[in-house]
Every structure is written in C-alpha cells, then in structure tokens.
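Ready for some practice at reading a structure? Keep the viewer open and work through the exercises below at your own pace.

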Amino acid sequence: MTEDNKKMEIEEIMPMIPLRGLSIFPSMVLHFDIGREKSISALEKAMMMNQMVFLTTQMNPDMDLPTQDDFYQIGTIAKIKQMLRLPGDTIRVLVEGISRGKIEDYIFEVPYFKCKVAIIKEEEYDKLPPRIVALMRTVLTSFEEYLAINPKAAEEIFPSVASVEHPGRLADVITSHLDIKIEEKQEILEAFDIERRLEILSAILHKEIEILNIEHAITSKVRTQINKSQREYYLKEQLRVIQEELGEEVEIEDEINDWLKQLKKLKLPSAISKKVEKEIKRLTKIQPASAEGGVIRTYVEWILALPWNKTSKDNLDITAAETILNEDHYGLDKVKERILEFLAVMQLSKSMKGSILCLVGPPGTGKTSIAKSIARSMNRNFVRMSLGGVRDEAEIRGHRRTYIGAIPGRIISAIKDSGTNNPVFLFDEVDKIGADFRGDPASALLEVLDPEQNKEFTDHYLEIPFDLSKVMFITTANTTETIPRPLLDRMEVIQVAGYTEEEKVKIAERYLVPKKIKEHGLKNENLSISEPVIRTIINNYTRESGVRNLEREIANVCRKVARQIVEEKKQTVTISTANIEKFIGKKRYHYDKIEGENEIGVTTGLAWTIVGGDTLSIETTVVPGTGKLVLTGQLGEIMQESAKAGISYIRSRTEALSISENFYKECDIHIHIPEGATPKDGPSAGVTMCTSVISALTEIPVRKDVAMTGEITLRGKVLPVGGIREKVLAAHRAGIRKVLLPRDNQVDIEEIPANIRRRLEFVLIDNIDQVLEETLVK
C-alpha cells in the first residue's frame with residue numbers, strides 16, 4: 001500500500017468527545033458514561049446532526065479540562081446507537097466504531113470540541129499476501145494461548161474472533177479484548193499499515209503471554225507454601241492428640257501449677273495477682289505450641305522473674321561508706337559529701353524517697369565510676385543504662401504485647417538483671433537523649449525520675465505497676481544545656497569539675513600507675529616513674545579535664561617498658577623527664593609561661609575551656625588611621641561586643657585617662673588574640689581587652705605577672721564570671737603572681753585548693769579604675 005492510498009479521501013466536521021482511560025476501535029460496539037459539560041454538549045449536538053462523533057483518548061485521564069494538546073490526534077469515528085440519562089447529570093452512551101480518523105483542524109473548543117476530521121479507510125485485498133496470512137495465523141495462535149492462561153478472559157470468544165477474515169479488522173478485534181495499557185492500544189490504532197499493525201500486536205501478545213506465565217509460576221509457588229503450612233498444622237494437631245493419649249500434657253499442667261505457686265509466694269497486690277493468674281489460666285485453654293501460647297508464656301515468665309519483694313540490705317555506716325568512696329576516688333569532695341548526707345538522712349528517717357542526683361562535668365572526670373562506688377558503699381547492686389542516642393520511647397516503657405517480638409523496656413530489664421528492687425540505677429549521658437517519630441524518651445523519663453510518680457511505674461509490656469521508689473537513680477551529663485527543662489527540674493545537679501594538676505598527680509600515683517603495671521604483667525620493681533615525670537605527662541602530653549588520656553599515656557609507657565624487659569632482659573626501667581620523649585614521643589602541648597619584660601598593650605586574661613582553664617594573651621596596637629576597630633583571632637560575637645563596650649567606655653573617660661578625645665577618629669585600633677585558628681568566645685574578656693587598649697593609647701606598660709578576668713559595663717563596672725577555679729589554676733601554672741577577680745566572685749575563691757591560694761595574691765575589683773591601678777606600671 002502506498003502513502004497516497006493511506007491518506008484520507010473524505011473530511012468531515014463533527015463534534016469530538018475525549019475519553020478517559022478508554023480506547024475504541026472500528027467495528028467495535030462499546031458503552032461508556034460521560035458527565036463533563038463539554039462532552040454532554042458534543043453528544044447532544046451529534047444527536048441533532050447525523051449521530052456521528054469523533055472519539056479520541058486523553059493522554060492524562062486525571063485531567064478534567066483537557067485542551068488540544070492533552071489528547072491523541074488519531075481516534076475513531078463512531079455512530080451513536082443509544083443514549084440513556086442517569087441520575088447525577090450523567091449520560092450512558094452506546095456507540096459503534098466506524099473507521100479511524102485524524103484531527104486535521106479544530107473549529108472551536110467552546111461550548112464543545114468541534115473538529116475537521118480526516119476519515120482513514122482500510123485497504124481492501126482481493127488476495128491476501130503470504131506475509132499477511134502468516135502474521136494472521138501467528139496472532140491467532142498467540143491469542144488462543146493468551147485466552148487459555150489468562151483467568152480473566154473467556155475462551156468462548158475465540159471462535160467468533162477467528163472467523164474475522166479481514167486482517168486489519170482482526171487486529172482491531174483482538175486488541176479490544178486485551179487487558180493492556182492505553183498507550184499500547186493507541187499504538188495499534190495509529191498503525192494504518194495493516195502489516196505493521198499485525199507485527200505490533202504479535203509483539204504485545206508475546207510479552208503478555210510471558211508475563212502471565214511468570215504470574216502463574218508465582219501463584220503456584222505461593223499455593224505450594226500455603227499447602228505446606230496447612231499440612232504442618234494438620235500434623236501438629238495429630239501430634240497433640242497423640243500427646244494427650246500418651247499423657248504428656250501433664251507436664252504443661254505441672255508447669256502451670258508451679259507458676260501459680262510462685263505467684264502466691266510473691267504476695268503481689270490483689271489486682272496484679274488476679275491479672276497474672278488470669279493470664280496463666282488462659283494457657284490451659286489454648287494450644288501451648290501456638291503463637292499466642294508463646295506470648296503468654298514469655299509474659300508470665302517475665303513477671304515471675306522480677307524482684308518484686310527482693311531488697312538488698314543497705315549499709316548505712318557512714319564511716320565505712322566514706323572509707324570506700326575515698327579508696328575508689330581522689331577528690332570529688334562535693335559528690336562524696338552529698339552521698340554521705342543521703343545515707344545520714346536514710347539512717348534517721350528510714351525513708352527511701354530522695355532527690356535524683358545528676359552529675360554534670362567534662363568527659364573523663366569519673367562520673368560513671370563514682371556511681372559504681374556509691375553502689376558498693378551502700379551494699380547495693382549496680383545497673384547502668386546509656387541514654388546516648390536513644391530515640392525510641394519503647395526503650396524506656398517497653399513495647400505493647402500486640403506487637404510481634406515485644407519485650408519490656410530497658411528499665412524493667414535492668415531491674416530484673418539486678419535481682420533486687422533497690423539497686424543504684426545509673427542513666428548515663430542523659431544530655432544526649434533524642435526524640436523522633438517513635439516518641440520522646442525524655443518525656444517518658446519524667447515519670448521514672450519523679451519520686452512522687454515512680455511508685456507505680458507501668459511498663460507497656462507488663463501493663464501492671466512496678467514500684468521504682470526504692471531505686472536510687474543517678475544520672476550523668478557533660479552539660480545541662482541539652483537536657484529538657486522539665487527533666488532537669490526533677491534532678492539535683494552536682495557539678496563535677498575537672499581535676500587540678502595536683503589531683504591528677506595523686507590519682508596517677510595512687511590508682512593509674514599501679515593499675516597499668518598490673519594490667520601489663522609488670523611488677524612494681526620493673527618500672528620507676530617519678531612525680532616530675534607524671535607532671536610532664538599531664539602538662540605536655542594531655543590537655544583534658546579528666547584523666548582518660550593520662551591513663552592512655554601511662555599505658556603507652558608500660559607497653560614500651562614491657563618490650564624492653566622482654567627484649568633486653570632488663571629488671572628495672574627508670575622513666576625521667578630527660579628520657580620521657582623516647583617512650584611517648586615529642587611534647588604535644590605547651591602551656592603559656594609569663595616571661596620577659598612588661599609590654600605596652602599586652603595583657604594576660606584568663607579563660608575557661610572544656611578541658612580546664614588557660615591563659616589568654618591579648619595584644620593591642622594603635623596606628624594612625626580613620627577610626628577603624630579591627631578584631632582578629634577568631635573572636636566570637638560576645639567577645640566582639642565586649643571590645644566595642646570597652647572602646648565606648650574609654651571614649652567617655654578620655655580626659656580622666658589622659659587620652660586624646662579624638663583618638664577614635666585619628667587612630668585605627670587592632671585587637672588580636674594569638675592562636676587564630678582556635679575560635680574564642682565568652683563573657684569574661686571585657687576587662688582584659690579594655691586594659692590592653694588603654695595601655696596602648698596611654699603608652700603605659702602592663703605588668704606581666706598580673707592576670708585578670710571579668711566583664712565590663714559601659715559605666716566601667718566589673719561583672720562576675722564563671723569558671724574561677726579553673727582560671728586561677730591556669731594562672732598559677734603560667735607563673736602569675738597576682739590575680740584580679742570581680743568582687744562578686746569572692747565566694748568562688750574558697751573552691752580553689754589551699755596550696756594554690758597560698759601562692760597567689762587575689763585582688764577583688766569593682767571597676768576599671770581599680771584594674772588600671774593594679775596593672776599599669778607607674
């Protein structure tokens with residue numbers, strides 16, 4: 001057939017109705033419902049004319065108001081055979097496909113689509129070519145196989161389809177009976193060449209048959225598995241009957257009777273006892289091997305295993321408790337004092353209700369180990385639960401028994417493992433608890449950590465209350481900033497500050513060195529390590545508030561010593577400050593030492609860091625300029641504001657300070673804090689920066705042996721700051737002789753170790769004038 005034969009011979013103007021999710025072919029009779037205004041108007045217009053209408057398919061069936069670009073250009077010219085109005089402004093239409101058609105032009109779109117349609121006639125054959133005949137046979141064979149394996153298709157339609165002699169009409173009839181995508185049907189509708197149409201249909205039939213075969217294989221496999229399960233159930237039922245005949249069911253009865261005896265011994269409250277007894281008796285009414293039987297069995301075993309009435313006897317001897325605490329830990333006086341107070345109150349009142357302790361401090365300061373010592377001193381069992389990264393509320397309250405694999409929460413599990421109902425329970429890393437779509441564990445902890453509520457703590461799995469009021473709860477955290485406020489309100493916060501150098505030396509001598517010598521298989525005479533060496537390790541190889549890295553470095557030394565003893569057959573290895581680098585490498589940290597002459601514009605401040613205190617050298621340079629203030633050294637917003645506040649104060653006191661009143665116009669001021677790669681921020685450098693700027697403007701040197709801390713106001717008043725203990729220790733380490741502190745921080749001086757207080761001179765200041773009096777060299 002040539003291209004000229006394929007072209008339309010007649011063009012007609014007729015209404016057009018777009019179809020949604022539906023295709024119609026020539027010689028096909030089909031009914032469908034229409035409800036859109038444009039479609040109803042087009043239908044009514046066609047009925048008034050010659051009942052002819054052009055039907056084409058929408059590309060997107062979900063579009064309610066399609067335009068010219070939203071439906072296919074090739075469709076079917078059909079004759080309306082019947083229409084029936086239904087309730088709800090819907091019309092049911094019966095149509096018969098006449099021939100293919102192609103939209104040549106749109107006459108208008110409102111109030112309905114009216115198009116100029118080219119009628120495409122089918123080619124007629126006097127004698128069918130052999131290839132067409134072969135394709136017809138292939139298509140019929142495939143269609144017969146399709147009907148045989150497709151459970152949704154009726155095989156009875158095959159004789160009527162096989163009787164169609166025209167190849168094009170045969171392809172259309174078969175396509176109309178296939179359950180395929182609209183796009184595939186449209187591809188066949190648009191194939192004007194009959195040979196091409198049969199080839200496309202053959203490919204589609206082949207693909208559909210392959211899919212149906214795969215579906216059949218999957219269905220057969222599933223059916224086989226179901227039959228296997230039914231067979232297993234049938235055999236289990238037979239086995240149950242045989243067991244009954246043999247009397248083996250008596251074992252289950254004995255187990256249930258044993259459970260009832262255990263339940264009676266527990267002497268639980270009446271309501272709880274009745275609920276558990278009801279669950280036990282349910283097991284007699286169901287198949288023990290069933291899934292529900294396993295759930296009930298696990299539930300009963302959990303309840304009977306809990307220490308409902310098992311309480312360890314407390315050791316309330318305060319002297320013995322203090323001895324144990326001192327044996328295990330050096331320092332931590334506030335924590336020890338609070339524990340001893342708790343024991344004293346218990347001894348007098350016999351009441352278990354008390355505060356929930358929250359130990360807050362940097363890593364490695366002994367928060368977790370002090371909790372273990374508390375349990376040992378009180379003669380209680382110790383259990384620990386880490387809350388770091390916990391995001392699921394079920395970790396605290398447990399899962400409900402309706403879920404497969406449900407278990408109690410970790411609190412009940414830990415109580416069961418402890419074996420008593422009054423252990424020391426440590427919630428570690430309470431500041432790192434999270435929350436997501438699975439719930440908020442922090443909110444669940446509110447009940448646990450409230451002495452007024454935890455007497456009847458109900459786990460979701462148990463669904464019966466358990467008394468947690470006898471448990472001593474202790475929590476640990478690195479900071480209180482990330483702990484939810486309601487949870488923090490239920491706890492008594494005890495700050496566990498970092499250890500001083502003296503404390504670290506004592507801890508190393510008493511605990512760490514003997515411990516590591518033993519762990520590495522050494523004897524005391526194999527290793528000689530002096531106090532100066534320990535101080536060198538503390539100051540030049542670690543920088544921390546705790547002693548974890550110190551312990552690692554001592555372990556590093558022990559490994560090197562062990563190797564020398566094995567390889568070189570040495571009996572004793574002496575570690576000194578001269579050879580320490582041979583064992584653990586070059587020194588990694590260097591603390592500032594205040595040396596040299598007094599300088600103009602250079603002051604020594606004191607800063608708090610998470611690993612303890614440190615000195616902060618602040619430099620100021622004044623150069624001719626236009627009044628710029630340059631701040632370098634990665635200063636945070638708070639420190640930048642302190643610097644600006646200091647400049648404003650100096651401008652208000654230029655006459656009293658003998659400074660040019662136009663200095664802020666004529667000079668550029670550059671304030672720099674060395675170690676620029678380290679970010680710095682905090683509200684305690686205002687006094688230091690202000691003094692540095694005044695020294696640079698007046699060209700009066702600042703004393704090297706004086707360090708200071710404090711925040712200033714625009715009126716020159718000095719405000720109190722935190723971290724005094726750590727800052728003063730840093731000043732002492734750097735060789736400072738005099739420390740200037742805000743007067744409101746006087747109470748913090750008592751927390752500084754006595755030997756450090758004796759070596760330093762403390763000056764309490766109220767305003768900048770007093771600072772200048774103490775720091776500027778006359």
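A pocket here is an open set of grid points where a 1.4 Å probe fits, with protein on both sides within 12 Å along at least five of seven lines, and a lining residue has an atom within 4 Å of a point. Please keep in mind that the model is predicted.

**Exercise 1. The second largest pocket**

Task: Find how many residues line the second largest pocket and which of them lie nearest its centre.

Solution:
- Step 1. Begin with the volume: the second largest pocket has about 550 Å³.
- Step 2. Collect the lining, which comes to 24 residues; nearest the centre are His329, Gly364, Gly366, Ser369 and Val547.
- Step 3. Look for elements that give at least two residues to this lining: α13 (367–378), β12 (472–477), α18 (501–519) and α20 (548–568) each do so.
- Step 4. Sort the lining by class, and you get 8 nonpolar, 9 polar and 7 charged residues.

**Exercise 2. A sheet of five strands**

Task: Work out in what order the 5 strands of the open sheet are arranged.

Solution:
- Step 1. Reading across the sheet, the order is β8-β9-β12-β7-β13, with parallel pairing.
- Step 2. Now pick out the edges: β8 (382–386) and β13 (491–495) each pair on one side only.
- Step 3. Check the turn between neighbouring strands of this sheet, which is 25° on average when direction is ignored.
- Step 4. Zoom in on one pair: β7 (residues 356–360) and β13 are joined in the parallel sense over 5 bridges. Within β13, isoleucine 494 is the bridge partner of leucine 359.
- Step 5. Add the helix: α13 packs on the sheet and touches β7, β8, β9 (424–428) and β12, and its direction makes about 165° with that of β12. You have met α13 and β12 already, as both supply at least two residues to the lining of the second largest pocket.

**Exercise 3. The chain as a whole**

Task: Decide whether the chain is a compact globule or more spread out.

Solution:
- Step 1. Count the elements: the chain has 27 helices and 26 strands.
- Step 2. Compare the radius of gyration, 45 Å, with the 28 Å that the globule rule gives for 778 residues; the value for the chain is well over the rule, so the chain is more spread out than a compact globule.
- Step 3. Take the box along the principal axes: the C-alpha atoms fill roughly 125 × 100 × 65 Å.

**Exercise 4. An enclosed space**

Task: Describe which classes of residue line the second largest cavity.

Solution:
- Step 1. Searching the whole structure for cavities of 30 Å³ or more gives 2.
- Step 2. The second largest cavity has a volume of about 40 Å³.
- Step 3. Its lining includes Leu19, Ser23, Thr56, Ile74 and Leu189, while β3 (52–57) and β4 (74–86) each supply at least two of the lining residues.
- Step 4. By class, this lining holds 6 nonpolar and 5 polar residues, and no charged ones.

**Exercise 5. Two backbone details**

Task: Say where proline 111 and serine 27 are found.

Solution:
- Step 1. Proline 111 lies in the loop between β5 (90–108) and β6 (113–120), and the peptide bond leading to proline 111 from valine 110 is cis, with omega near 10°.
- Step 2. Serine 27 sits in the loop between β1 (10–19) and β2 (29–34). Although serine 27 is not a glycine, its phi is positive, at about 65°.

Key:
Residues are numbered from 1 along each chain as its sequence is written. This is a predicted model: local features need pLDDT of at least 70, side-chain atom pairs count only at pLDDT 80 or more; totals for chains, interfaces and linings use all residues. Side-chain values use heavy atoms; hydrogens and water are left out. On a 1 Å grid over the protein atoms alone, a cavity is a set of points where a 1.4 Å probe fits but cannot get out, and a pocket is an open set with protein on both sides within 12 Å along at least five of seven lines; lining residues have an atom within 4 Å of a point. Grid points are joined across faces, edges and corners, and a volume is the space filled by probe spheres set on the points. Helices (H or I, at least four residues) and strands (E, at least two) are DSSP runs, numbered from the N terminus. Ala, Val, Leu, Ile, Met, Phe, Trp, Tyr, Cys and Pro count as nonpolar, Asp, Glu, Lys and Arg as charged, and the others, Gly among them, as polar. Two strands pair if DSSP finds at least two bridges between them. Axes are lines fitted to C-alpha atoms, for helices over the stretch in contact, and angles run from 0 to 180 degrees between N-to-C directions. Contact means heavy atoms within 4.5 Å. The radius of gyration is taken over C-alpha atoms; the globule rule is 2.2 Å times the number of residues to the power 0.38.
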